[in-house]
Each structure stands twice: as structure tokens, then as C-alpha cells.
Amino acid sequence: MSGFTISRRKMLAGSAMLLASTAMPISGWAQTPKKGGRLVLAADSEPRNLNPAIVASNGVFFISSKIVETLAEASFDGKDGLAPRLAVSWEGAPDGLSATFKLRDGVKWHDGKPFTSADVAFSALHIWKPLQNLGRTVFKDLAAVDTPDDLTAVFKFAKPTPFQLIRNALPALSSVVPKHIYEVGKIEDNPANNAPIGTGPFKFDEYKPGQYYRLTKNTDYWGKDEPYLDEIIYQVLPDRTSAASALEAGEIQLAAFSAVPLADLDRISKVPGLKVITKGYEGLTYQLVVEINHRRKELADLKVRQAIAHAIDKDFVVKTVFLGYAATATGPVPKNDPQFYTANVPTYPFDVAKANALLDEAGYKKGADGKRFSLKLLPAPYFNETKQFGDYLRQALAAIGIDAQLVNNDSAAHIKAVYTDHAFDLAVGPPVFRGDPAISTTILMQSGIPDGVPFSNQGGYKNDALDALITKASETLDTSARTDLYKEFQKEVAADLPLINVAEWSFISVARDTVGNIANNPRWAVSNWADTYLES
Amino acid sequence: MSGRTEGGTRARRFCSSSRAADAPMTRALALLRRRLVGSVFVLLIVVIGTFLLLEAAPGDAVDAYIVSTGGDAGMIELLRHRWGLDQSELARLANYLWALLHLDLGQSVTFSRPIRDVILERLPNTLLLMVSATALSFGLGSALGIYAGARPGSLRDRFLSIGSLALYAVPGFWLGLALIIVFAVGLRWLPIGGIETLASDKTGLDRAADIGIHLVLPVSALGFIYLALYLRMMRAGMAEVWRQDFVLAVRARGLSRRRIVLAHVARNALLPLVTMLGLQSAQMLGGSVVIESVFSVPGLGRLAQEAVASRDTPLLLGIILVSAVLVIAINLLVDIAYAFLDPRVGASEAGA
Amino acid sequence: MIPLRRFLHTPEAIAGAILLTALFAMALSASLLFPGDPQAIAGPALLPPFQDWSLPLGTDRLGRDVLAELFHGARTSLAVGLAAAAAALAVGAVVGTLAGFAGGLVDEMLMRTTDAFQTVPSFLLALAFVSVVGPSLGVVVIAIALGTWTGPARVARAEVLSIRERDYVASARAVGMHPLEIAFREVLPNALPPVLAMSSVIVAAAILTEAALSFLGLGDPNRVTWGGMISEGRAVLRTAPFLSIVPGIALVLTVLGIYLAGEGIVETTAVRRGLS
């Protein structure tokens, strides 16, 4: 348990930076874990496809990361921020054309068959690369996976691929599924997609749509004495207020992913027997950005974009919309990223007078009614906070004479309007930073992306210098040179404002005091919970 | 919810329209034949209308899906192809109708399972909720209505009538949230939601009791709202019956007031309420959308809401079709029952 | 016009009249008392009521003045209710008149369509429609009307059926008036009173439906509505319950007022018609 204690301390230090105001830290972490018990927790959505190798998303991981494991998991104190899982070591070749993984010995699939390098090769080549939402980008140059023995997998790339990128992608993108289950028939139609079979500490037991998912203990798990819990039940609670009520009524013991609204945290932290935990999501940072349609002639003008950036009171947003559970942003890489973040970028302090002056300078004078021009503003509906920020932004823009009309779409309509039809002027989006800018961040500014690709640059922005920088970084193998290029990238984005980064936030968990070993890694909610336990 | 207009108006239609004065059996059969033929057209309009509405929606099932996953252009094309969304609208409608002819509701896009199975899983929960809520609002509503209507204009009449109306004016979700906070979180007497204790492996009577306990709050939230409907209809009906000649006649015979109220006045005023039962069925289903969401009941209403959000056209079509068949069947039953029950066949009713 | 005194013959009708008067007063005075955008940020967020007399009912999640929102919300709620009822009554009356007057195939087709609309739960229809077209006030009004026009249509048709055989219709036919002209100039006006009697119920239902749609996140974000206020307040239901309770009470009183007043009017008219 000593290793765990260290990680805890480091974790506290590391996250204080992101979240200035934190609620109660965890109690009872020094106790010896108890065996047994059923953990009941809230789930607000029901992913239909539970195969994390195909769908690498937090909603799927939340459930299936306990069943299907990845090669490595994120860690507070491990080398390069990683802890071994199915792989025990990894190394990239200097030429960027291969990467070697040594695999864990004595691991069995839930159906009793042994786990080997053939499973890794199959998952990488037949699922991650062709089918996985994120893997299709990261593993696009993967040509072959050699398996010299049962415990070695060598990834061969057709083009040099930075190992830093592969490494950073491991926690989210490298879920390994059994070859013997998936090699027959179409992978997308495999029944195991709905009832996954993996190597993890828990086995999939049953799913009652609209009610619950049940996972049970894998008695053959490779981790010594693990898992501690006998059962995990995900109770489906679609209404946003029900998780808090269910916690208070004692019907569930844990609500992760901010299932308890931020505004309720202060009150609930005072309820005896409940604790609010702001840690354990450091690797899942969401960014609040204003997406800009550069096809609008006003918005194509840098001065107007700067004016909008100056009109947004980021501190107010953090304080009021996020109630302090967020940090202000400076650029496209979040402040809590240990590898790439730089503070050395142009900033836009809140200054309404300056914003007005910039707009005057740009030639958009106020009309008789005090308005300069009108815009269509589309806040993404996926989070309460994006919608609330939309309400705020409308007021902030009114203060500088820009009349914004809010458009309230449901998720499907929002995706279509922004990313396919480009029927927006400004949009509020929550892109995710996934540990490396190349995974899902540079795509937000890069030009030449086909219409319809969600969470990408669909605002018609084109900056040749930035495009060149992005391409160069993606081909640079040396870690420190690559990191420097991404620092330059941040500077250029903050200067030219293809979009405006406003804030960064992560999720909050609320749990009963009896739940132990919570939040002990940066992706805790989507990790395997082998060491999570219940005191009574 | 919006359902609150429908019943009243259609019930009025039934009261004001005159009925043919032939024998109940013949009437019932004629009704059945006419209704069945009509129903086919009604269902066809419902299916095509719903299909066109969803097709006009911005964003399809793939757009809804990639919200939580993201993905590149190739993946999106792959998904559209797999889910058959790259076919033309006409082709898909034709395929759907063709399958429907074979009583096949098709495959759900988001569940990747047969829609029949998905719906059958949820239908019992919604039926249970609706039947219980209807029983509550009808039973308690008509009983209180009789109590109030026995002395029209009295204090208790006024109090009950306004009190129930106030409940009728409360938004369903508001009542639901209030019930949860008081009885589930505050007093901890009842569970906050769901249809039964999760993964409890209960069977038989234990399970029935468990489900019963879980239904108390959602049924109350749904049932109390519609209570006013039956209470006020009963009251109004009784007021009308009081004025009729035969009541004057029985009053002249010197029967006790209680006897008159129960045996004559209430009995005659009950009939329109039976009609209302059928008419309300469609609206209860609408009201259950919100109630099921507030109380996390895995029912059809919530499923429909999810189907709209995920643009699962065939699933929504299936739900609407099933609920339409249900509503048509209930109304048919009610009308047939009415044909047998109505003691005032013919001209006397037209004046009502 | 109905004599006011006869209308006010019951305490219920008086209560209804008072509530409605207050509602209209709020709606009409909103821009006078609270000029400017009611959604503007006016103070610190989540200020409880009765703390600061410049913001008597406190502020919401973003620091907007709840009292100003309440007054402006009265206006939107009333507008939604009246517009939806007007649309439903207009469509219903036209469809009902056409069906009743034309008879035959036209009647059959129109009535089967009416059946179809009545078979689908109207709230589900409204939900799907707003999701599809996108929530704005106009769309919400249409969505509500879509689910409520069938009642007026049936009542109008029944009335028309009884009117169309009357003497003045026959004489209009005899002088060679166009059938449509007869339908809409001679028959419809006479079929209207019972249809209009339904308006209070529809207005009330429309206000409740708008609230329920907002609850599910399908409201117009550019306008203050009580439903939208409740829906926003829901996230802080436990910490700042006043944010849901204040507009909730306003909603209940409004709907109650409309029902009561509507009933009073219907009863008064019924009495008058009975006397005439």
C-alpha cells in the first residue's frame, strides 16, 4: 500500500493547480482494503456498443474498462505517466518505424483461454486501425504487428510515427479484445460487442436496458488479491437530479462524471456520510471553446476575434458557470497537461473598452440601436455548462454591441448544423484533450478536413503556417523537439484565434465514505477498479 | 401536460352526438367493422407521417451517435452504410412498409436488436404505470366526484373541485420532483425511482410487492394530475342528472338521499367517464414520457424520447405504431362496452 | 357581450378573474417596470429572495433578476398559450367545417387524419416535432397546436353537421352561393361558440406543454419562459429551491386562473343560451 500512499500525495499536488477550490479530500485512504461487497453507482447514459476497442469514448470506458483492459493505464507516478496493464514494458525504435511491447504472463480471458500477443496483433490491425474512432488517426500508418513469441508484440509502421504519440494514446486507444471471439464473422456484429469478454478484474454479467448493467468479480484475475469488490452495478438514472437524490437516499454509493450537478456539490458535501472528490479525472480534460465560422466576413477579421476574446470574462465563467470547479484557459493545451503546456502565449484579459475599440477599428461601428452586427450562436447541448456559457456569451457579446441569437439544438441537430452544414457563426463546444495534441486537438485548427467530421475545424479556417507546423510536429520523432513544436503551435493558435479557448474542466465524483481507493489515477473513473473496495 | 385538453373535448362530442337506436349487438359489430377498416388508414397515416417528420430532422442516427465518439470521414461513411442510411428515403420507407406487412418492425439502429424485443421489454412497465395511474385517477376521482356532487355548491364540493383543479394545474415533472424529495430523500419511505430493486433476483410475490413499492410515487405523480378530470366530470355529470325528470320522480318517491345519489345519480353520471378512460389512454402515454424520465422507469415513453434524441427512426416508428394500436384497441373496447352499458339508448341521450 | 355581473356570480369565477387580471397586468407592465433585456446579468449569482431590495426575488445561476424574468415570462407564457390556442382553434374549425360540410370522401379523409393525430400522444408529437425543427417560440407554438387542433375539429364538425341542414343554409344554396362561401360565411360563424368554449382549456394546456418541453431542454433560449426558468432551476433544485418554486407557483396560479375563468365564461354562456 505504500506505493499507493505516494501516488495519493503526488496526485494532490498535481491537481491543486487545475482546481483551485476543492471540496473534501478523501477520507479513509490509509485503511486496508476489505474484500467483497456490491458497489452501486449512477450511469446517465446507456452505451449500446460496449466494445472499447471499437468505441474509444468515456461513456463506453466507464463500464467496459473494468472488463476489457488496455496495454497500459494512466498513472500519477509511473514513468511517462503510465502504469503497466496487459503490457509490462514498451519501447519505440529510434527510426519511428517500430514499437515493441512485452506482454504480461499468465493472463487469461474470461472464458479461460490464454491471452497472447496474437490477441494484441488482431486488436491493433483489425480493430484499432480500421474501426476505432480515435485509432483510425493514431494507427493510420500501422502496417503489421509481428509476434515473435506469445509475449512479444512488435508494431511496424509504414511511416515514421512518434513513439511519444503512441505512448500517450495507450490508456485510451489500446483495449485488447480476444482474437478467438472476434475472428469469426463481422467484427461490428459480434455479440461480444454487447456482452464484452476481456481480461479485466470484472466479468460482464447482464444488461437490463433502462435499468442496470451488472459486472461480477473475475476470480481468475492476474492482479494479486484483486479485485476486492464482488459486484458492480451501474444504475441507469437518466434524470440529472436523480443521482444526488439516490446518493442521499443511500440507494447508490457513487456518482462519477459529475452526475451530481456542480451547483449541488456544496450542499451535498455537508451531508454526513458523503464525500465530494475532485480528483481522478486529470487525464480527461474537457475544454470550453468558442468555435468560430471564418466564412462570416466579420469573424474572418482577426480584430473582431480578439475583441470577442477580450469580451469574455474567463474568471466570471469559472466562478459562475463552473462554480470554481474549472480553470481559465490560455490556449489549446490545458494547464494541467504535464508534457506540452506552455503559458508563454498571447493572452486576452477581460476588457470591454478594448474590445469595443478593436471593433471600431475593424470598421464595425455601433448602429443607432447600439448594435454592430448579429450572429447566430450555437451552444453544444451535451453539458449544462456549455449551455450556460452560451447564455453568458450572449450577454457578453451584447456588451460590445454584437447581437447574438441563441440556437438550441439537440445533440444530433447540433452536430449536423456545426460540422456538416456549417450553419453557425459562433458555437460553444467541449472538445477533449486526450494527453497528446495529435490525437484530437490539432484537428480543431487544421485545414482540409472533409465536411461532416465532428469535433474538427469546420469553421473554414485556413492558416498555411499553422498547417505546416502541425504536419511537422506529427512527423517529428524526437520527443523534446516534438514538444517544442507543440509549444509553438499553442502560441500561434493563441495569436491568430482560429477558436477561443475559455476554460478547462474535468468531472467530479461524489461517493459514500465507505468507498475506498477512489481517484487513485488520472483516469480513475474509466480505469479498471481492481483495487476499489467497500468498507462495510 | 398537453393531454389535458383532449379528453374533455372528445368526451363532449360523445355527449352531444346522437346514437343510432338499434340493438347493442348489431351496433357493436357495425362499429367494429367500421373501426377496423378505418384503423388501417389511421395507422398508415401515422407511420408515413412519423417517418417523414423524422426524415426532415437535422442530423441522422450517425450524427447522434458520433456525439459521444467522434470519428473521421471514413468511419462516418462506414456507419451510414452499415445502418442503411445511405439509401434514399423512399427506398427506406418502402422497405419499412414491406417489412411491416409481414408484421416485422425491423431492427433498431442504436440497440442493434429487433425492435419487437426492445419494445416488448418496456411495454409491460408502461402498461403497469398507465393502468395503475388510470385506476387511481378514475377510482379516487369518481369517488370524490360523487362525494362532491352529492351536494352541489356545498363547501366540500367547492373545496374538492378547486383543490383537484390546482393539482391539474401542476406540471407533472414538478409534482414528481417534489414527491421524490419528500418521500424518497426526506422520509426515505419509498425508492427514488426505477421499476424494481436492481439485480435483486426476487421472484413471485416478493417481486410483485417490490414492483408495487417502486410504482407508488410515479403512479401518484401521474394519477393525481388526472384525478381532477374524473372528479370534475363526475361532478358535472351528476349536476346534470340531478336536473333530470327521473331524479325528480325518485325524489318524489321519498328515497333516502344516499340511495338517490348512489343508485341513480352517480350511476348515470358514470358513463361518460368510461368513455374518457379510453380517450385518456393516448394522453397518459404522453404524460408518462416525463414521469418515466423523472422516476427512471424503463418504459416506452422514455424509450420514445431516447429514440427521438438518437434519431432511431425505425424504433420511434415502432413505438408510435404500438401505442397507436394500443390506443385504438382500448377505445374500441370502451366503445363496445359502452354500446352494451348505455341504458339510455336513443333519443333521450341526444338532449344531454 | 356577457354581463360581467353574471360572470362573477361564483367565488371561483371571481378568483379566476383576479388571477387572470394579475397575469395580464404582469405581462403588459413587464417592459415598463423592467426595461431592457430580462436575461441581462444584474447581480451576483444565486442571490436568495428578500436579501437585496433592488433584486427582491433574488437572482438565478448567472445572476439574472428573477423578478424581471418572472414578469417577462408572464408575457411569453401568455403569448405561447394564446397563439397555440388560436392556431389550434383556427385549424380545428377549418378542418371541422370542411369535413362536416363536404361530407363523403373529404370528410372521411379529414376525420381519419384527425384520428391519426389523436392516436399519437400529443406530447410525444410535440417532443418529436420540436426536436426535429429546432426549439424556437414559433415552433413550440406549432408543436402544441399540432397536438390540440383535433378536439376543436371534432366539435366544429359535429356543430356543422347539425347546422348544415338548417333553413338559412338551404336558402344560401338556393341563391347559388359557392359551397366554400356557404361553409365559411354562413356555417362556420354559427358553429364557433362551442369551439371557442374550449379555448381556456387549450390555453392552459399549451402553457403546461411549453413548460414540459422546456423541462426536457426544448425551450427557446432567447426568451424567458416560466418553463425555462423551472428547467434551469432544476439543476439547483436542492440548493436554491426558490428558483423552481417561484416560477412554478406562477405557472400553477396562471393555469388555475385560466381554468376557473374559462369555466365561469362557459357557465355564463350556457345560462344565457339556456334563457334565450
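**Close-up views of a predicted model**

**View 1. Helices α8(B) and α9(B) lie oblique to each other.** Welcome to a predicted model, starting inside chain B. Here α8 (residues 172–186) of chain B packs on α9 (residues 204–242) of chain B at an angle of about 140°, and the two axes are 9 Å apart. Angles from 115 to 145 degrees fall outside the parallel, antiparallel and perpendicular classes, so this pair counts as oblique. The crossing of α8(B) over α9(B) is right-handed.

**View 2. A closer look shows which residues join α8(B) to α9(B).** From α8(B) come Gly172(B), Leu175(B), Gly176(B), Leu179(B), Ile180(B), Phe183(B) and Ala184(B). Facing them in α9(B) you will find Leu217(B), Ser220(B), Ala221(B), Leu222(B), Phe224(B) and Ile225(B). Sorted by class, this contact holds ten nonpolar and three polar residues, with no charged ones.

**View 3. Helix α7(B) also packs against α9(B).** The partner this time is α7 (residues 155–168) of chain B, set at an angle of about 145° to α9(B) with the axes 7 Å apart. This crossing is left-handed. On the α7(B) side, look for Leu160(B), Ser161(B), Ser164(B), Leu165(B), Leu167(B) and Tyr168(B). On the α9(B) side, the contact is made by Phe224(B), Ile225(B), Leu227(B), Ala228(B), Leu231(B), Arg232(B) and Arg235(B). Nine of the residues in this contact are nonpolar, two are polar and two are charged. Phe224(B) and Ile225(B) may look familiar, as they also meet α8(B).

**View 4. Chain C meets chain B.** In this interface, 42 residues of chain C touch 48 residues of chain B. The elements of chain C that each bring two or more residues to this side are α4 (104–119), α5 (122–133), α6 (137–148), α7 (150–163), α10 (199–215) and α12 (242–275). With nine residues, α5(C) gives the most. The side of chain C that touches chain B is made up of 28 nonpolar, ten polar and four charged residues.

**View 5. Chain A meets chain B.** For this contact, chain A supplies 41 residues and chain B supplies 41 residues. Helices and strands both appear on the chain A side: α4 (135–138), β9 (212–217), β10 (231–236), α7 (242–248) and α13 (411–420) of chain A give at least two residues each. The largest share comes from α13(A), with six residues. By class, the side of chain A that touches chain B has 19 nonpolar, 13 polar and nine charged residues.

Note on methods
Residues are numbered from 1 along each chain as its sequence is written. Chains are lettered from A and ligands numbered from 1 in the order in which they are written. This is a predicted model: local features need pLDDT of at least 70, side-chain atom pairs count only at pLDDT 80 or more; totals for chains, interfaces and linings use all residues. Two residues are in contact if their C-beta atoms, placed from the backbone, lie within 7 Å. Helices (H or I, at least four residues) and strands (E, at least two) are DSSP runs, numbered from the N terminus. Ala, Val, Leu, Ile, Met, Phe, Trp, Tyr, Cys and Pro count as nonpolar, Asp, Glu, Lys and Arg as charged, and the others, Gly among them, as polar. Axes are lines fitted to C-alpha atoms, for helices over the stretch in contact, and angles run from 0 to 180 degrees between N-to-C directions. Angles under 35 degrees count as roughly parallel, over 145 as roughly antiparallel, 65 to 115 as roughly perpendicular and the rest as oblique. A crossing is left-handed if the near helix is turned anticlockwise from the far one by less than a right angle, and right-handed if clockwise.
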